[in-house]
Amino acid sequence: TYRDVNVKETISTLMQPGVQKVMSKHLFTGIKEVFRDFVISSNVARLQQYIPSLTKEHIKGWKSGVRAIAVDENGILDEFVIEQGVSGKVLNVRNAPSPACTASLRIAEEVVDRAENYGFFA
């Protein structure tokens, strides 16, 4: 919930250059999403574009979801990031959102290729 926000951590995150680039492009969209979280009728009005018969009474106990995105100093990472971990025996796959299921075999091939190149199987 909004009461559980760690203010110090939030400020630190907002100060990151990549996050500031994302905010400069998407701030208005973010503000609208937070508004819809507090004002249910605004969300219902938006949803009625798809389901005209929907009313406020149909909505029970909902909260907005959170979708994590990977950001570097240039902004949002649109591609998967596969990197060798600190220990030298770990490969990290980052920024694999839900569409990754359609690319999972290709991602697996890339992970295996990199693991072989790093000598993981030696």
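Buried means that a residue has under 20% relative accessible area, exposed means over 50%, and partly exposed covers the values in between. The exercises below apply these words to a predicted model.

**Exercise 1. Describe the overall make-up of the chain: how many helices and strands does the chain have, and in what order do the elements run?**

Step one is to count the elements, and the chain turns out to have 4 helices and 4 strands. Step two is to read them from the N terminus on, which gives the order α-α-α-β-β-β-β-α. Step three turns to burial, where 16% of the 122 residues of the chain count as buried. Step four looks at the surface, for the chain exposes about 9700 Å², of which carbon and sulfur atoms supply 58%. As a last step, consider the contacts in the chain with a separation of 6 or more: residues 24 or more positions apart account for 44% of these.

**Exercise 2. Find the salt bridge between R36 and E33, and decide for each of the two residues whether it is buried or partly exposed.**

Begin with the location: R36 and E33 both lie in helix α2, which spans residues 17-38, and they are 3 residues apart, about one turn of the helix. Next, look at the side chains, which meet in a salt bridge with a distance of 2.6 Å from N to O; this is within the 4 Å that a salt bridge requires. Then compare each residue with the cut-off for burial. R36 has 13% relative accessibility and therefore counts as buried, because a value under 20% is what the word buried means. E33, on the other hand, has 36% relative accessibility, so E33 counts as partly exposed.

**Exercise 3. Trace the network of salt bridges that includes E110, and state which residues are linked in it.**

A search of the whole structure finds 4 salt bridges, and the solution follows two of the bridges that E110 makes. First, the side chains of E110 and R106 meet at 3.3 Å, N to O, and both residues lie in helix α4 (residues 104-117), 4 residues apart, about one turn of the helix. Second, E110 forms a salt bridge with R114, where the closest N and O atoms are 2.7 Å apart; R114 and E110 are likewise 4 residues apart in helix α4. Third, check the accessibility of each partner: E110 is partly exposed at 21%, R106 is partly exposed at 46%, and R114 is partly exposed with a relative accessible area of 26%. Finally, put the pieces together, and the network links R106, E109, E110 and R114.

**Exercise 4. Work out which residues of helix α3 are buried, and explain why they can be said to line one face of the helix.**

The first step is to list the buried residues of helix α3 (residues 40-47), which are I40, N43 and V44. Seen down the axis of α3, these buried residues fall within an arc of 100°, so they line one face of the helix. The last step asks what covers them, and the answer includes helix α2.

**Exercise 5. Identify the nonpolar patch that contains V5, and say how accessible V5 is.**

Start with the members of the patch on the surface, which are V5, V7, I11 and M15, with about 390 Å² of accessible area together. Now place V5 in the chain, where it lies in the segment before α1 (7-14). V5 has a relative accessible area of 42% and is therefore partly exposed.

**Exercise 6. Describe the arrangement of the aromatic rings of Y118 and F120.**

A pair of aromatic rings is described by the distance of the centres and the angle of the planes. The count for this structure comes to 1 aromatic pair. Y118 and F120 form this pair, with 5.9 Å from centre to centre and 35° between the planes, and the pair is tilted. Y118 itself is partly exposed, with a relative accessible area of 36%.

**Exercise 7. Determine which residues N92 is in contact with, leaving aside its neighbours within four places in sequence.**

First locate N92, which lies in strand β4 (residues 91-94) and is partly exposed at 31% relative accessible area. With the neighbours within four places in sequence left aside, N92 is in contact with V81, I82, E83 and G85. For one of these, V81, the separation along the chain is 11 residues, and the C-alpha atoms of N92 and V81 are separated by 7.8 Å.

Definitions and conventions
Residues are numbered from 1 along each chain as its sequence is written. This is a predicted model: local features need pLDDT of at least 70, side-chain atom pairs count only at pLDDT 80 or more; totals for chains, interfaces and linings use all residues. Side-chain values use heavy atoms; hydrogens and water are left out. Helices (H or I, at least four residues) and strands (E, at least two) are DSSP runs, numbered from the N terminus. Buried means under 20% relative accessible area, exposed over 50%, partly exposed in between (1.4 Å probe, protein chains only). Contact means heavy atoms within 4.5 Å. Accessible areas come from the Shrake-Rupley method with a 1.4 Å probe; for residues, only the protein chains shown count as cover. Patches are made of residues with over 30% relative accessible area and no salt bridge: like charges are joined within 9 Å, nonpolar side chains (Val, Leu, Ile, Met, Phe, Trp, Tyr) within 5 Å. The arc is that of the directions from the helix axis to the C-beta atoms. Rings of Phe, Tyr and Trp (its six-membered ring) pair if their centres lie within 6.5 Å; planes under 30 degrees apart count as stacked, over 60 as edge-to-face and the rest as tilted.
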